[in-house]
Amino acid sequence: PDLFATGTSSGVLKLWNLRTTSTLQTMSFDAAVTAAAFHPDGKSLVVGVGNGKLQFLQLKYPETNTTSEKDLKHQPDNQAHGQNSQLSLIRDREIKELTNSITRIRYSPCGGYIATADVG
């Protein structure tokens, strides 16, 4: 895949272009980013945060409104990397049900189900 995500204990999520090793987008959270998983269609990302929240994010480009890993691979390099990238992370919804840090997130192959685990 040409897109991957990293999270830090200081609450910073970064999306990267694997091909160019450049940062596409950065987003901050109010606790450590402890887990992340891309939806099988590549158009969204769910992030586990250290305070027990699941944050759902949409990946969007202004000219097409949505993108996927496949679409990103075909974008010209000047549109698919750097802090000024046209790729946007849009906060979609949040679930706060767990009290402990989320350590694992897994989508089912169809994308209809999510499983999580925490340290509790």
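1. His39 counts as buried, with a relative accessibility of 17%; the cut-off for that class is under 20% relative accessible area. This residue sits in the loop between β4 (33-38) and β5 (44-49). Leaving aside residues up to four places away in sequence, His39 touches Ser44, Tyr107 and Gly111. The model under discussion is a predicted one, and every value in this note is to be read on that basis.

2. The loop that holds His39 belongs to a hairpin. Strands β4 and β5 pair in the antiparallel sense over 5 bridges. Within that pairing, Ala35 has Gly48 of β5 as its bridge partner. The hairpin has 5 residues between the strands, and Gly42 takes a positive phi near 75 degrees there.

3. The overall plan of the chain may now be set out. The chain contains 1 helix and 9 strands. Read from the N terminus, the order of elements is β-β-β-β-β-β-α-β-β-β. Of the 120 residues in the chain, 40% are buried. Among contacts with a separation of 6 or more, 49% are made by residues 24 or more positions apart. The chain exposes about 6500 Å², of which carbon and sulfur atoms supply 49%.

4. The nonpolar interior deserves separate attention. How many residues make up the largest nonpolar core? This core has 15 residues, and those with the most contacts inside it are Leu13, Leu15, Phe29, Val47, Leu57 and Leu89. At least two residues of the core are supplied by each of β2, β3, β5 and β6. The largest share, 3 residues, comes from β5.

5. Phe29, one of the core residues with the most contacts inside the core, can be examined through its neighbours. Beyond residues up to four places away in sequence, Phe29 touches Ser10, Gly11, Leu13, Val47, Val49, Gln55, Leu57 and Arg91. A second, separate core has 8 residues, including Ala37, Ile102, Ile105 and Tyr107. Tyr107 is also one of the residues that His39 touches.

6. The charged pairs come next. Side chains of opposite charge can pair when their charged atoms come close. A search of the whole structure finds 4 salt bridges. One of them joins the side chains of Arg19 and Asp2, at 3.9 Å from N to O. Arg19 lies in the loop between β2 (12-17) and β3 (22-28), while Asp2 lies in the segment before β1 (3-7), so this pair ties together parts that are 17 residues apart in sequence. The two partners differ in their class of exposure: Arg19 counts as partly exposed because its relative accessibility is 42%, whereas Asp2 counts as buried at 15%.

7. Lys53 and Glu94 form another salt bridge through their side chains, with an N to O distance of 3.7 Å. Which parts of the chain does this pair tie together? Lys53 is in strand β6 (residues 53-60) and Glu94 is in strand β7 (residues 88-96), so the pair ties together parts that are 41 residues apart in sequence. Lys53 counts as buried, its relative accessibility being 16%, and Glu94 counts as partly exposed at 43%.

8. Asp92 and Arg93 also form a salt bridge, and their closest N and O atoms are 3.4 Å apart. Asp92 counts as partly exposed at 39% relative accessibility, and Arg93 likewise counts as partly exposed, at 48%. Asp30, Lys53 and Glu94 are joined into one network by salt bridges that share partners.

9. A final point concerns Trp16, which is found in strand β2. Is Trp16 buried or partly exposed? Trp16 is partly exposed, because its relative accessible area is 21% and the buried class requires a value under 20%. Not counting residues up to four places away in sequence, Trp16 touches Asp2, Leu3, Phe4, Thr6, Thr21, Ser22, Thr23 and Leu24. Asp2 in this list is also the salt-bridge partner of Arg19.

10. The relation of Trp16 to Thr6 can be described in further detail. The two residues are 10 residues apart along the chain, and their C-alpha atoms are separated by 7.9 Å. Their side chains make a polar contact at 2.9 Å.

Note on methods:
Residues are numbered from 1 along each chain as its sequence is written. This is a predicted model: local features need pLDDT of at least 70, side-chain atom pairs count only at pLDDT 80 or more; totals for chains, interfaces and linings use all residues. Side-chain values use heavy atoms; hydrogens and water are left out. Helices (H or I, at least four residues) and strands (E, at least two) are DSSP runs, numbered from the N terminus. Buried means under 20% relative accessible area, exposed over 50%, partly exposed in between (1.4 Å probe, protein chains only). Contact means heavy atoms within 4.5 Å. Accessible areas come from the Shrake-Rupley method with a 1.4 Å probe; for residues, only the protein chains shown count as cover. A polar contact is a pair of N or O atoms within 3.5 Å; within protein, one must be able to donate a hydrogen and the other to accept it, and residues adjacent in sequence count only if both atoms are side-chain atoms. A nonpolar core is a set of buried Ala, Val, Leu, Ile, Met, Phe, Trp, Tyr and Cys residues joined through side-chain atoms within 4.5 Å. Two strands pair if DSSP finds at least two bridges between them.
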